[in-house]
Amino acid sequence: MSRRSRAVAEAETYYDSAAADAFYRNIWGGEDLHLGIYARPDEDIGTASRRTVDTMAGQLPDLGPKRTVIDLGSGYGGSARVLAAQHRARVTCLNLSETQNELNRARNDAAGLSDLVTVVHGSFEDIPEPAATFDVAWSQDAILHSGNRTRVLDEVRRVLKPGGRFIFTDPMQADDCPPGVLQPILERIHLDSFASFSFYREELSKRGFTEISVTPLTSHLRTHYARVGEDLRARYDEIVGLSGRDYVDAMLAGLARWVDGADKGYLTWGILHFMKAA
Ligand SMILES: C[S@@+](CC[C@H](N)C(=O)[O-])C[C@H]1O[C@@H](n2cnc3c(N)ncnc32)[C@H](O)[C@@H]1O
């Protein structure tokens, strides 16, 4: 495959599919599609998901009307709308799924935010933006889908202004994860590997980034996948009607594997915040 990795083609087909779109729109309400930070294990997914956005935004003290942000793998654009509505930041949503981008554009129009949020179809392995354009590169639970993560990091460095911030979350494998144990999860989402905290630290350091903070939040990964499983079981017939029984049953089995991987200490998740050299 040319410049795109095979994983990118798999992700595009998956997220554009009617079954995946119906599942994600309904379980997250068409706003977010990322892991939440839970105040209680039974908290609703939307509230916890919004807390992740607010926690990340809170790490960017000078977010405001003069700031430009690129959201890499922006899903339905819920985070971009928070950054635009609450902070008046100018946000470019870069996302592979045009199915999601259409809803993102419609919601931006409805919220009167189209002047602040621009939605671009493309891949973060080959960002269609000029060098040194953005103050902030933001990403939530999307870079795992790359088959060439070092290339994504090269692209992040290229499009950030000197001194720009890179803040992101990603489901990862633990630094001490035994080889092979995550293979069933990787196969289901068509990936060869996960990143890890040490991978991002080493690769970003090689690219001249300084670590601002790395915040492990792994217990929330476990809570999140368990909560999604609970909601899906509670709405089983409704979501089967939208996404099909095969999709829903495979999703429930997949979610159980994520919970098990977290319980065994193989998986991890958190907020990583770095600064490009000034
Ligand atoms: C788990 S969802 C997270 C969406 C969004 N960040 C959020 O927090 O709601 C992963 C997203 O990554 C996007 N994605 C996957 N691979 C991509 C790529 N190579 N370039 C751009 N977007 C990608 C998918 O379209 C999907 O929207």
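This short talk covers the ligand shell, one helix, a strand pairing and several single residues of the structure above.

Good morning. Please bear in mind throughout that this is a predicted model.

I begin with the ligand. Which residues come nearest to the ligand? Of the 24 residues around it, they are His34, Gly73, Gly75, Gln140 and Ala142. Three elements, α1 (6–16), α4 (78–87) and β2 (90–95), each give two or more residues to this shell. The most comes from α1, which gives three residues. As to chemical character, the shell holds 13 polar residues, eight nonpolar ones and three charged ones.

I turn next to helix α2, which spans residues 18–28. Its buried residues are Asp21, Phe23, Tyr24 and Trp28. Why do these residues lie on the same side of α2? They do so because the arc they cover around the axis is only 165 degrees. As a general reminder, an α-helix has 3.6 residues a turn, so residues three or four places apart point the same way. What covers the buried residues of α2? The cover includes α3 (45–58), α5 (98–110), α10 (236–243) and α11 (245–263).

Asn26 also lies in α2. With 16 other C-beta atoms within 10 Å, Asn26 is partly exposed, because the buried class begins at 20. Beyond its neighbours within four places in sequence, Asn26 is in contact with Ile239 and Leu242. How far apart are Asn26 and Glu238 in sequence and in space? The separation is 212 residues along the sequence, and 9.7 Å from C-alpha to C-alpha. Just after α2 comes Gly29, with a positive phi of about 75 degrees.

Now to the strands. β2, already mentioned for the ligand shell, pairs with strand β3 (residues 117–121) in the parallel sense, over five bridges. Within that pairing, Cys93 has Val119 in β3 as its bridge partner. The chain passes from β2 through α5 to β3, and this β-α-β crossover is right-handed. The helix of that crossover, α5, is also among the elements that cover the buried residues of α2.

Strand β5 (residues 160–169) contains Gly164. Is Gly164 buried or exposed? It counts as buried, because 25 C-beta neighbours lie inside 10 Å. Leaving out residues up to four places away in sequence, Gly164 touches Phe134, Asp135, Val136, Ala137 and Lys276. Gly164 and Phe274 are 110 residues apart in sequence, yet 8.5 Å apart in space, C-alpha to C-alpha.

Finally, I draw attention to two backbone angles. Most residues other than glycine have a negative phi. Arg88 is not a glycine, but its phi is positive, at about 60 degrees. This residue sits in the loop between α4 and β2, two elements that each contribute to the ligand shell. Arg88 counts as partly exposed, because it has 14 C-beta neighbours inside 10 Å.

Where is the place of His190? It is in the loop between α7 (183–188) and α8 (197–206). His190, a residue other than glycine, likewise has a positive phi, near 60 degrees. With 15 C-beta neighbours inside 10 Å, His190 is partly exposed too.

To close, I return to two points. α1 gives the most to the shell around the ligand, and the buried residues of α2 lie on the same side of that helix. Thank you for your attention.

Conventions: Residues are numbered from 1 along each chain as its sequence is written. This is a predicted model: local features need pLDDT of at least 70, side-chain atom pairs count only at pLDDT 80 or more; totals for chains, interfaces and linings use all residues. A residue is near a molecule or strand if its C-beta atom, placed from the backbone, lies within 6 Å of it. Helices (H or I, at least four residues) and strands (E, at least two) are DSSP runs, numbered from the N terminus. Ala, Val, Leu, Ile, Met, Phe, Trp, Tyr, Cys and Pro count as nonpolar, Asp, Glu, Lys and Arg as charged, and the others, Gly among them, as polar. A residue is buried if 20 or more other C-beta atoms lie within 10 Å of its own, exposed if 12 or fewer, and partly exposed in between; C-beta atoms are placed from the backbone. The arc is that of the directions from the helix axis to the C-beta atoms. Two residues are in contact if their C-beta atoms, placed from the backbone, lie within 7 Å. Two strands pair if DSSP finds at least two bridges between them. A crossover is right-handed if, with the strands pointing away from the viewer, the path from the first strand over the helix to the second runs clockwise.
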